[in-house]
Amino acid sequence: MTPPYRVGDELPPLEIPVTRTLIVAGAIASRDYQDVHHDAASAREKGSPDIFMNILTTNGLVGRYITDHFGPTAVLRKVAIRLGAPNYPGDVLRLTGRITELRTADASPGGASSADAPSDEVVDAVEAIEAVVQVTGGNGIGRHVTGTVAVTLPEPSVKRAGA
């Protein structure tokens with residue numbers, strides 16, 4: 001059973017060292033070949049003091065933060081972020097989160113509720129709780145990311161009487 005959560009619960013912070021390797025690997029993995037994410041000289045020519053992390057890497061780190069907290073069965077339903085201060089090598093990204101909403105969700109493949117099934121059959125639908133988490137991430141120069149993540153937390157399958 002999913003542990004009890006409450007609106008207002010704070011997630012423990014996650015600190016991620018921002019390394020050149022993380023920035024470059026994230027850019028390569030997301031196929032973002034903009035030179036500002038891997039070439040320090042080019043980044044400086046364009047007005048940045050160094051290479052900096054791309055939004056897709058930040059998006060992935062926000063997703064990791066949520067699934068690290070809620071566990072491997074958590075399903076990210078929506079991730080909406082906005083960037084602020086850049087992440088440069090040598091800094092630390094500190095992610096924090098707070099649950100702002102909890103609601104029942106239907107996680108069945110067809111979207112049908114378990115109440116729609118005949119009473120004599122096993123129901124594959126899984127009632128789930130959806131949590132909405134406000135996430136922020138800061139570094140040494142300010143707020144790097146703000147956003148909202150909706151995540152579904154599956155409950156054990158419901159079985160009908162007579163099954």
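**Entry 1. Order of elements**

I read the protein chain along its sequence and found the pattern β-α-α-α-β-β-β-β. The secondary structure thus listed comes to three helices and five strands. I note here that the model is a predicted one.

**Entry 2. The chain as a whole**

I looked up the burial of the 163 residues in the protein chain, and 37% of them are buried. The chain exposes about 9000 Å², and I recorded that carbon and sulfur atoms supply 53% of that area. I then turned to contacts between residues at least 6 apart in sequence; 75% of these join residues at least 24 apart.

**Entry 3. Helix α3**

I examined α3, which has 16 residues. From its first C-alpha to its last, α3 reaches 23 Å, close to the expected 22 Å at 1.5 Å a residue. Which residues of α3 are buried? I listed Thr57, Thr58, Leu61, Val62, Gly63, Tyr65, Ile66 and Phe70. Just after the helix, Gly71 takes a positive phi of about 105°.

**Entry 4. A salt bridge within α3**

I found Arg64 and Asp68 joined by a salt bridge, with the closest N and O atoms 3.1 Å apart. Both residues lie in helix α3, four residues apart, about one turn of the helix. The general geometry accounts for such a spacing: an α-helix has 3.6 residues a turn, so residues three or four places apart point the same way. I checked the accessibility of each partner. Arg64 is partly exposed, at a relative accessible area of 37%, and Asp68 is also partly exposed, at 49%.

**Entry 5. Salt bridges between separate parts**

How many salt bridges does the count give? I recorded six.

I took Asp50 next, which forms a salt bridge with Arg20; the closest N and O atoms are 2.7 Å apart. Asp50 lies in the loop between α2 (40-45) and α3 (55-70) and Arg20 lies in helix α1 (residues 20-29), so this pair ties together parts that are 30 residues apart in sequence. I asked of Asp50: is the residue buried or exposed? Asp50 is buried, because its relative accessible area is 13% and the cut-off for burial is under 20%. Its partner Arg20 counts as partly exposed at 42% relative accessibility.

I also looked up Asp35 and Lys46, whose side chains meet in a salt bridge at 2.7 Å, N to O. Asp35 lies in the loop between α1 and α2, and Lys46 in the loop between α2 and α3, so the pair ties together parts that are 11 residues apart in sequence. Asp35 counts as partly exposed, at 21% relative accessibility. Lys46 is exposed, with a relative accessible area of 54%.

I noted a network of salt bridges as well, which links Glu101, Arg103 and Glu130.

**Entry 6. A nonpolar patch**

Which residues make the nonpolar surface patch of about 240 Å²? I identified Ile55, Leu56 and Leu83. I placed Leu56 in helix α3. With a relative accessible area of 47%, Leu56 is partly exposed; a patch residue needs over 30%, so Leu56 meets that cut-off.

**Entry 7. Summary of α3**

I drew together my notes on this helix. Helix α3 holds buried residues, including Leu61 and Ile66, and it contains both partners of the Arg64 and Asp68 pair. Leu56, also in α3, contributes to the nonpolar surface patch with Ile55 and Leu83.

Conventions:
Residues numbered from 1 in each chain as written. Predicted model: local features only at pLDDT ≥ 70, side-chain atom pairs only at ≥ 80, totals over all residues. Heavy atoms only, no water. Salt bridge = Lys/Arg side-chain N within 4 Å of Asp/Glu carboxyl O. Helix = DSSP H or I, 4+ residues; strand = E, 2+ residues; numbered from the N terminus. Buried < 20%, exposed > 50% of the residue type's maximum accessible area, 1.4 Å probe, protein only. Patch = residues over 30% accessible without salt bridge, like charges linked within 9 Å, V, L, I, M, F, W, Y side chains within 5 Å. Areas by Shrake-Rupley, 256 points an atom, 1.4 Å probe, with all protein chains shown as cover. Contact = heavy atoms within 4.5 Å. Expected span 1.5 Å × (residues − 1).
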